[in-house]
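Biologist: Before we use any terms, could you show me the structure, and then let me ask how each label is earned?

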Amino acid sequence: MTDLYAVFGNPIAHSKSPAIHAAFAAATGQDLRYEARLAAVDGFAWAVADFVGEGGRGANVTVPFKEEAFRLATRLSDRAARAGAVNTLIVDGTELLGDNTDGAGLVADIVDNLSFDLRGRRILLLGAGGAARGVIAPLLAAGPAALTIANRSLGKADDLARNFADLAAIEALSFDCLAGRRFDLVINATSASLAGEALPLPPDLFSGIGLAYDMMYGKGDTPFMAQARRQGALRCADGLGMLVGQAAEAFFVWRGVRPATAPVLAELRAKLAT
Ligand code: ATR
């Protein structure tokens, strides 16, 4: 019987995950079906229960259910426990395992697709919400020289740094304290561009920087990428490769097969441009 997978979110109609996983399945010869499922804002647990009742084997979870999935899981991977959020569920008998592949997807995109070695680099992570929290442990595992978190509200950056203090000494700053500081990589994990707002960053922050990476993506440059490019970043990237990377990691968790991401990313990029 064909194995059933799904992505749960609200909204979900424009999710690219079904197309990504269909492409992975075709490329690796895996017999599976992957659907987009809309869950009511207060109906996530029911939707998952229905899915498991239908024989569903695993699921991805997106906005706004990642924290609820974290609470719903009966067991958590270390990286999901660290992230405080679950984007991948695995149905294992009566257990519902919660995992988080977002950080692995980001690191794979930066290191493999963009060939940017993270070892010994000074990383600045902008934002201290769920998106930032999910990528900290995988970024630290890639061996940077230092990780700094800057956030509009300093208290949230401080809390996050304290949360990961057993892994590394993370510096927490407010945006105004970034003036005069030098980094090799700046990652935008804020949701500012969703609201069309520019980040109040010092003008020299991006000057000559190796990579400015936005976890958001869109047609053409995101507002963050445009800001970084204008201010002298040598290279900019959006989060489309992270999206494909987290999907590939979830596919690997479910199927034990690691799909190639480059062809799927190229296809999505071409579609986005039209
Ligand atoms: P997500 O799950 O996408 O991380 P979140 O948990 O609501 O969403 O976090 C949003 C992040 O974007 C926060 O770091 C937020 O900063 P505050 O903690 O100060 O609220 C940041 N953010 C959102 N809009 C912003 C803006 N216009 N300028 C700067 N930071 C912004």
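Biologist: What makes the side chain of Asn151 a polar contact of the ligand?

Modeller: A polar side-chain atom of Asn151 lies 2.7 Å from an oxygen atom of the ligand, and a polar contact is a pair of N or O atoms within 3.5 Å, so the pair qualifies. This is a predicted model, in which local features need pLDDT of at least 70 and side-chain atom pairs count only at pLDDT 80 or more, while totals for chains, interfaces and linings use all residues. Residues are numbered from 1 along each chain as its sequence is written, and side-chain values use heavy atoms, with hydrogens and water left out.

Biologist: Which atoms of Ser153 and Gly130 come into play at the ligand?

Modeller: In Ser153 an N or O atom of the side chain is 2.4 Å from an oxygen atom of the ligand, whereas in Gly130 a backbone N or O atom lies 3.0 Å from a ligand oxygen. The protein covers 74% of the 640 Å² of accessible area that the ligand has on its own, where areas come from the Shrake-Rupley method with a 1.4 Å probe.

Biologist: Why is the contact between Arg82 and Asp166 called a salt bridge?

Modeller: The term requires a side-chain nitrogen of Lys or Arg within 4 Å of a carboxyl oxygen of Asp or Glu, and the side chains of Arg82 and Asp166 meet at 2.4 Å, N to O, so the name is justified. Arg82 lies in helix H4 (residues 78-83) and Asp166 in the loop between helix H7 (154-163) and strand E9 (171-174), so the pair ties together parts that are 84 residues apart in sequence. Helices (H or I, at least four residues) and strands (E, at least two) are DSSP runs, numbered from the N terminus.

Biologist: How do you know whether Asp166 and Arg82 are buried or exposed?

Modeller: Buried means under 20% relative accessible area, exposed over 50%, and partly exposed in between, with a 1.4 Å probe and protein chains only. Asp166, at 56%, is therefore exposed, while Arg82, at 23%, is partly exposed.

Biologist: What makes Arg119 and Asp117 a salt bridge, and which label does each residue earn?

Modeller: Their side chains meet at 2.8 Å, N to O, so the cut-off is satisfied. Arg119 is exposed at 59%, whereas Asp117 is partly exposed at 31%.

Biologist: How many salt bridges does a search of the whole structure find?

Modeller: The search finds 19, and a network of salt bridges links Arg33, Glu35, Arg37 and Glu54.

Note on methods:
A polar contact is a pair of N or O atoms within 3.5 Å; within protein, one must be able to donate a hydrogen and the other to accept it, and residues adjacent in sequence count only if both atoms are side-chain atoms.
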